[in-house]
Amino acid sequence: GINAEYMGAAQSATGPKQDGFDVPRSGNGRVALIGFPSVGKSSFLNVITGRKNVSEAASYEFTTLTCIPGMLEYKDCKIQILDLPGIIEGASSGAGRGKEVIAVARSADLVIIFLDAVKGDRQKELLEVEMFACGIRLNQRPADIGFMKKKDGGQKVVITQKQTKGMDKETCLAVLKDYRIHHCEVTIREDITPDQFIDCIEGNRKYTPCLYLYNKIDNTSIEEVDRLARSEHGVVLSAKQGWNMEFVKQRMWDYLALTRIYTKPKGGAPDLTDPLILRKGRRIQDVCAQLHRDLLKKFKYALVWGQSAKHRPQRVGMDHLCRDEDVVQLVLDNKVNVNAVGRFAQSGKKASGEKARLKKQKARLKT
């Protein structure tokens with residue numbers, strides 16, 4: 001049977017709780033550096049954050065023993081970079097503090113797999129296996145599968161797309177039988193693999209963007225560097241020589257997909273020094289929610305200047321999708337009583353009139 005253990009599901013946390021790397025989250029995005037020992041992660045952190053010897057680097061293996069955070073300030077954003085201890089083969093099953101390292105990677109917004117340019121391909125393969133075994137899916141998105149458990153009614157499987165990767169109705173039913181799910185509805189809307197279907201049932205997979213950095217390019221040939229630079233999601237650099245650092249920062253920014261929004265007061269100039277940083281959503285409602293929750297109730301419309309506006313300024317509603325470096329001015333309906341509930345949640349005069357009418361009614365009842 002296709003059981004969870006065989007498919008590489010993470011073991012259940014029934015054992016004694018180990019001491020993890022508890023680093024407080026700070027900044028607008030979190031990046032985890034993962035790699036084998038002595039590939040230059042600590043030197044990279046020192047160079048990119050511009051600090052002297054944040055973490056000591058030495059020429060022997062297993063130098064960094066705990067998680068060392070650094071802060072990169074780039075394009076008005078603060079990006080937290082975590083230098084994690086080097087992981088070894090078998091990390092997903094607990095070898096060499098591997099479980100703690102990978103647990104931190106699950107909480108990151110971007111995973112950087114740090115590789116030695118000379119041994120890069122083999123290292124990349126091994127690290128991808130470890131990450132996969134711990135339920136982290138790199139540079140993937142969740143498959144378009146509708147899955148709903150039910151109390152009765154049996155198993156209903158609908159496949160709307162032609163399957164070419166080994167998934168069919170029989171495989172689907174076999175997996176459901178293995179997970180002892182006897183009543184459910186499954187709708188598969190794209191061409192998927194059995195692994196992706198299992199990820200959907202498990203539901204605890206983490207989908208994270210990933211960047212592959214090839215360090216120590218000064219030790220290899222120009223043809224090899226050219227090949228690595230052209231690889232998908234790959235960037236070449238040398239932390240020791242300080243080569244290609246600005247491009248690395250730019251790629252990190254792109255993969256984190258941060259959006260800067262500058263706010264503008266009515267009749268005033270926009271504040272271009274302190275932007276709002278949006279991560280997940282990019283709509284006007286996300287801008288309102290980040291500034292203050294009451295703004296969503298008082299919202300009337302917004303004026304937008306920038307790349308997302310068809311003309312300057314464009315009057316938009318809640319669902320308008322913002323682009324990086326847009327300037328937004330919110331126009332509010334100040335008549336809305338935010339604290340009012342029920343029938344008093346009306347605009348200004350109406351609400352006060354309603355209150356006065358009820359007061360009169362109560363006074364009549366007393367007499």
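**Cores, helix packing and backbone features of the predicted model**

Glu-325 is partly exposed, with a relative accessibility of 43%. This description rests on a predicted model. Glu-325 is found in the loop that links E15 to strand E16 (326–332), and although Glu-325 is not a glycine, its phi is positive, at about 65°. Glu-325 is also among the residues touched by Arg-260, a list that further includes Lys-75, Cys-77, Trp-253, Pro-275, Leu-276, Ile-277, Arg-323, Asp-324 and Asp-326, when residues up to four places away in sequence are not counted. Arg-260 itself belongs to strand E12 (residues 259–263). Because the limit for burial is under 20% relative accessible area, Arg-260 counts as buried at 5% relative accessibility.

The protein as a whole contains 10 helices and 16 strands. Of its 367 residues, 40% count as buried. Among contacts in the protein with a separation of 6 or more, 65% are accounted for by residues 24 or more positions apart.

In soluble globular proteins, nonpolar side chains tend to be buried together. The largest nonpolar core of the model comprises 57 residues, and those with the most contacts inside it are Phe-44, Ile-81, Ile-112, Ile-113, Met-131, Leu-213 and Met-252. Apart from this core lies another, of 15 residues, which include Val-157, Cys-172, Val-175 and Ile-192. Ile-113, from the largest core, is in contact with Ile-34, Leu-127, Met-131, Leu-138, Cys-210, Leu-211, Tyr-212 and Leu-213, leaving aside neighbours within four places in sequence. Val-175, from the core of 15 residues, has its C-alpha 7.4 Å from that of Ile-198, although 23 residues separate the two in sequence. Ile-198 is located in helix H5 (residues 194–202) and counts as buried, at 3% relative accessibility.

Two packed helices are described by the angle between their axes and the distance between the axes. For helix H1 (residues 41–49) and helix H7 (residues 245–256), the axes come within 11 Å and cross at roughly 90°. H1 is therefore roughly perpendicular to H7. Phe-44, Val-47 and Ile-48 of H1 form the contact with Met-245, Val-248, Lys-249 and Met-252 of H7. By class, this contact has six nonpolar residues, one charged residue and no polar residues.

The buried residues of H7 are Met-245, Val-248, Lys-249, Met-252, Trp-253, Tyr-255 and Leu-256. At 1.5 Å a residue, the 12 residues of H7 should span 16 Å, which agrees with the 17 Å between its end C-alpha atoms. Just after H7, Ala-257 adopts a positive phi of about 55°.

In helix H6 (residues 222–230), which holds Ala-229, a partly exposed position is found: the relative accessible area of Ala-229 is 38%. Beyond neighbours within four places in sequence, Ala-229 is in contact with Gly-234 and Val-236. The C-alpha atoms of Ala-229 and Tyr-214 are 8.5 Å apart, with these positions 15 residues apart in sequence numbering.

Further backbone features occur in loops. Arg-180 has a positive phi of about 55° without being a glycine; this residue lies in the loop between helix H4 (169–178) and strand E8 (184–188). With a relative accessibility of 70%, Arg-180 counts as exposed. The peptide bond that joins Arg-312 and Pro-313 is cis, with omega at about -15°. Pro-313 is placed in the loop between strand E14 (299–305) and strand E15 (314–316).

Definitions and conventions: Residues are numbered from 1 along each chain as its sequence is written. This is a predicted model: local features need pLDDT of at least 70, side-chain atom pairs count only at pLDDT 80 or more; totals for chains, interfaces and linings use all residues. Side-chain values use heavy atoms; hydrogens and water are left out. A nonpolar core is a set of buried Ala, Val, Leu, Ile, Met, Phe, Trp, Tyr and Cys residues joined through side-chain atoms within 4.5 Å. Buried means under 20% relative accessible area, exposed over 50%, partly exposed in between (1.4 Å probe, protein chains only). Contact means heavy atoms within 4.5 Å. Axes are lines fitted to C-alpha atoms, for helices over the stretch in contact, and angles run from 0 to 180 degrees between N-to-C directions. Helices (H or I, at least four residues) and strands (E, at least two) are DSSP runs, numbered from the N terminus. Angles under 35 degrees count as roughly parallel, over 145 as roughly antiparallel, 65 to 115 as roughly perpendicular and the rest as oblique. Ala, Val, Leu, Ile, Met, Phe, Trp, Tyr, Cys and Pro count as nonpolar, Asp, Glu, Lys and Arg as charged, and the others, Gly among them, as polar. The expected span of a helix is 1.5 Å times one less than its number of residues.
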